[in-house]
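User: Could you take me through one part of this protein in detail? I'd like a close look at a single buried spot and then at what surrounds it.

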Amino acid sequence: MCEWRPGMMRSVITCFMALAILPALDSAAAAEPTVTAARIGVTPAKTRFVLEMDRKVAFQHFTLADPYRVVIDLPEVAWSVPQRRVKPDGLIKDFRYGLFHAGVSRVVLDAKGPVTISKSFMLSPRGGHGWRIVIDLKQVSRQAFFQRIRPRTMAGAPPAGLPPEPIPLAKRATSNLIAIDPGHGGIDPGTIGINGSLEKHVVLALAQGIARRLRKTGKYQVILTRKRDVFVPLRERIAIARTAGARLFISLHADSIKNPHIRGGAIYTLSERASDKEAGSLAAKENKTDLIAGIDLNVHSAEVANILIELAQRETMNDSVTFAAYLAQELSKSMKLLRTNHRFAGFAVLKAPDVPSVLVELGYLSNRVDAKLLNNSNHRRRVAVSVVAAVDAYFAGQQAFKSP
Ligand SMILES: [Zn+2]
């Protein structure tokens, strides 16, 4: 699962097999293993991270730099640990967990600085505790961090999370396929609402509602970039839409902001220069999802540059802006929009060169009213109706433009 490739100079993938594959699990064991607790213990010498679970599992870990992260991969597990109960401490600034892709669950620890995994092992049940994965972190210098890289090549699959190469060219867009992209997912919860709701759940529920309504018209096919609570890297989302030959790509998000009184949604399209400071920092925030999930961003920089060149295809950008205008008009009937409701910024997920793409921020989960509405199925139904009306208007316009 871990691999070092030439050209990954700064992409510090220190990859250790923490444990060899352990003996086959008890065949009587049902369902997937469950993580029941996570703990952090701090001493002057080390910070210890412990994951407790109901059975023995194999696990792997590696470290990443810029920013410093420790990634622990497990087989797909269920989590019965409340997301926010354990307070980060010691060398751990923050941590999160969730499904990385089918078959692999992941924990990402954000480290306060360069760290090394001084020890990692599994403890068998004792003293009322279940099986425990123990990871000890020790602070090191940046220089020592890089010296500890032990590149190794392992046969088999590419590093987890990277989609197959190359991204196929989009099929000729003659279909009426719409790609709906519920943001975040799995290990990346997105924004956490004032009422505790998670952006990843809110946008998935809405995406499913929109997909249902679009299909019901009998005019459109729909593809979702994720159908469940799983992480999907940004460029894989684009690849899913392009491979399927989507005519439109609609990415769904909800934002949060310090001022709890601010509410309302907005529609964003791609531009290398942001329309305003807020749009720019929002794009920077949304673009962090791969980093949050423990993916090395340095690997992809060349490809992103190529995509930017292809963006000279202005038609796609014009179509995106046209659709955004229809969307703003229709959404204003079902939800509160910000005064400047169509903005521009460098969102990585909107960079398909041949699929008109928009990103919708559905409101602020930091605002009580917006948070309540986004968790209300009636509200989501109204929003879905608006999205379908905007798609109808867009395709009607395209048709009129192309007819003699
Ligand atoms: Zn988001």
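Analyst: Happy to. One cut-off helps before we start: a residue is called buried when its relative accessible area is under 20%, and exposed when that value is over 50%. Please keep in mind that this is a predicted model.

Let's begin with alanine 266, which sits in strand β14, residues 265-270. Is alanine 266 buried or exposed? Its relative accessibility is 1%, so alanine 266 counts as buried. Apart from neighbours within four places in sequence, the residues in contact with alanine 266 are Leu337, Leu338, Thr340, Asn341, Leu359, Val360 and Glu361. Take Val360 from that list: the C-alpha atoms of alanine 266 and valine 360 lie 6.0 Å apart, although 94 residues separate the two in sequence. That fits a wider pattern in the chain, where 78% of the contacts between residues at least 6 apart in sequence join residues at least 24 apart.

Valine 360 also leads us onward, since it appears among the contacts of leucine 252. Once neighbours within four places are set aside, leucine 252 touches Ile180, Asp181, Pro182, Gly183, Val203, Leu206, Ala207, Ile210, Val360 and Leu362. Leucine 252 belongs to the largest nonpolar core, a set of 38 residues in which Ile180, Ile250, Leu252 and Val391 touch the most other members. At least two residues of this core come from each of β11, α2, β12 (221-224), β13 (248-255), α7 (314-331), β16 (357-364), α8 (368-374) and α9 (377-402). The biggest share is from α9, which gives eight residues. There is also a second, separate core of 32 residues, with Tyr68, Val86, Leu91 and Ile117 among its members.

Two of the elements just named, β11 and α2, bring us to the metal site. Which residues hold the zinc ion? The donors are His184 through NE2, Glu199 through OE, His253 through ND1, and Glu286, which is listed with OE twice, at 2.0 to 2.5 Å. Along the sequence, these donor residues follow the spacing H-x14-E-x53-H-x32-E. Histidine 184 lies in the loop between β11 (177-182) and α2 (199-216), while glutamate 199 is in helix α2 and is 15 residues away, so the pair links distant parts of the chain. Both are covered: histidine 184 counts as buried because its relative accessible area is 7%, and glutamate 199 because its value is 1%.

Helix α3, residues 234-244, has buried positions too: Leu234, Arg235, Arg237, Ile238, Ala239, Ala241 and Arg242, a list that includes arginines. Just after this helix, glycine 245 adopts a positive phi of about 75°.

Elsewhere, five strands make an open sheet with mixed pairing, in the order β6-β2-β3-β10-β9. Its edges are β6 (78-79) and β9 (115-123), each paired on one side only. Strand β9 runs antiparallel to β10 (residues 131-139), and eight bridges join them. One bridge pairs phenylalanine 121 with valine 134 in β10.

To place all this in the whole chain: there are nine helices and 16 strands, and 51% of the 404 residues count as buried. The chain exposes about 18900 Å², with carbon and sulfur atoms supplying 55% of that area.

Note on methods. Residues numbered from 1 in each chain as written. Predicted model: local features only at pLDDT ≥ 70, side-chain atom pairs only at ≥ 80, totals over all residues. Heavy atoms only, no water. Donors = N, O, S within 2.8 Å, 3.2 Å for Na, K, Ca; no water. Helix = DSSP H or I, 4+ residues; strand = E, 2+ residues; numbered from the N terminus. Buried < 20%, exposed > 50% of the residue type's maximum accessible area, 1.4 Å probe, protein only. Contact = heavy atoms within 4.5 Å. Areas by Shrake-Rupley, 256 points an atom, 1.4 Å probe, with all protein chains shown as cover. Core = buried A, V, L, I, M, F, W, Y, C linked by side-chain atoms within 4.5 Å. Pairing = 2+ DSSP bridges.
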